[in-house]
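Biologist: I would like a close look at one part of this model, the charged side chains and what they are paired with. Please take it residue by residue and give the distances.

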Amino acid sequence: MRAEHVDDLEAELSALPARIGVPILTAWNAKEDLLDLLALARTDPDRERIAALRYRFYRRCANADLPELERLATTVQTWWPQILAFIRTGITNAGSEGTNRVIKTVARDAYGFRNPVNQRLRTRCATTRRTRGHLNPR
């Protein structure tokens, strides 16, 4: 978001009653801190840069006194080894998660079918590249 839009956002939220605007702005800033940390992926950052951005995110979550941000910080802390691996390597499991989602959707659509062979065939067909539109069949 460009700086003038951030200023507009802050002005709009400041115009709201404090019990509404302040938590929203705090949560938005925490989200931006987390995105800054994740943006280090594939940039070969040094440990000090990662630690500084991680500390900034945790500090904002702790000072916010919002249960949602405390839960988010706890989740980030729990998954920190995997998040750090992503920051250092840029490798994710997004492809396998996407395929798993398609398989579960097809299984839900076919709920009640009695033939497991057909169920496996439907799943296999749904997860092939041609079905997902990667190949141009002529």
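Modeller: What follows is a walk through the salt bridges around one aspartate, with a short look at two other places afterwards.

This is a predicted model, and the count of salt bridges in it comes to four. The aspartate to begin with is D33, which lies in helix α2, residues 18–38. D33 has a relative accessible area of 4%; the limit for buried is under 20%, so D33 counts as buried.

Outside its neighbours within four places in sequence, D33 is in contact with R56, F57 and R60. Two of these residues, R56 and R60, are also its salt-bridge partners.

Take R56 to begin with. Its side chain meets that of D33 in a salt bridge, with N to O at 3.1 Å. This pair links distant parts of the chain: R56 belongs to helix α3, residues 47–64, and D33 to helix α2, with their positions 23 residues apart in the numbering. The side chains of D33 and R56 are also joined by a polar contact of 3.1 Å. Unlike the buried D33, R56 is partly exposed, at 27% relative accessible area.

Next comes R60. The salt bridge between the side chains of R60 and D33 has an N to O distance of 2.5 Å. Here too the pair links distant parts of the chain, R60 in helix α3 and D33 in helix α2, 27 residues apart. R60 is partly exposed, with a relative accessible area of 29%.

R56 has a further partner in D36: the two form a salt bridge whose closest N and O atoms are 2.6 Å apart. D36 lies in helix α2 and R56 in helix α3, so this pair ties together parts of the chain that are 20 residues apart in sequence. D36 is partly exposed, with 35% relative accessibility.

Put together, D33, D36, R56 and R60 are linked in a network of salt bridges. Within that network, D33 is the buried aspartate, while D36 is partly exposed.

Two places beyond the network can be added for orientation. Helix α2 also holds I20, which is partly exposed at 33% relative accessible area. Together with L16 and I24, I20 forms a nonpolar patch on the surface, with about 220 Å² of accessible area in total.

The other place is A85 in helix α5, residues 80–89. A85 counts as partly exposed, at 36% relative accessibility. Its C-alpha atom is separated by 9.1 Å from that of A41, although A85 and A41 are 44 residues apart along the chain.

How values were computed. Residues numbered from 1 in each chain as written. Predicted model: local features only at pLDDT ≥ 70, side-chain atom pairs only at ≥ 80, totals over all residues. Heavy atoms only, no water. Helix = DSSP H or I, 4+ residues; strand = E, 2+ residues; numbered from the N terminus. Buried < 20%, exposed > 50% of the residue type's maximum accessible area, 1.4 Å probe, protein only. Polar contact = N/O pair within 3.5 Å; in protein donor to acceptor, adjacent residues only side chain to side chain. Contact = heavy atoms within 4.5 Å. Patch = residues over 30% accessible without salt bridge, like charges linked within 9 Å, V, L, I, M, F, W, Y side chains within 5 Å. Areas by Shrake-Rupley, 256 points an atom, 1.4 Å probe, with all protein chains shown as cover.
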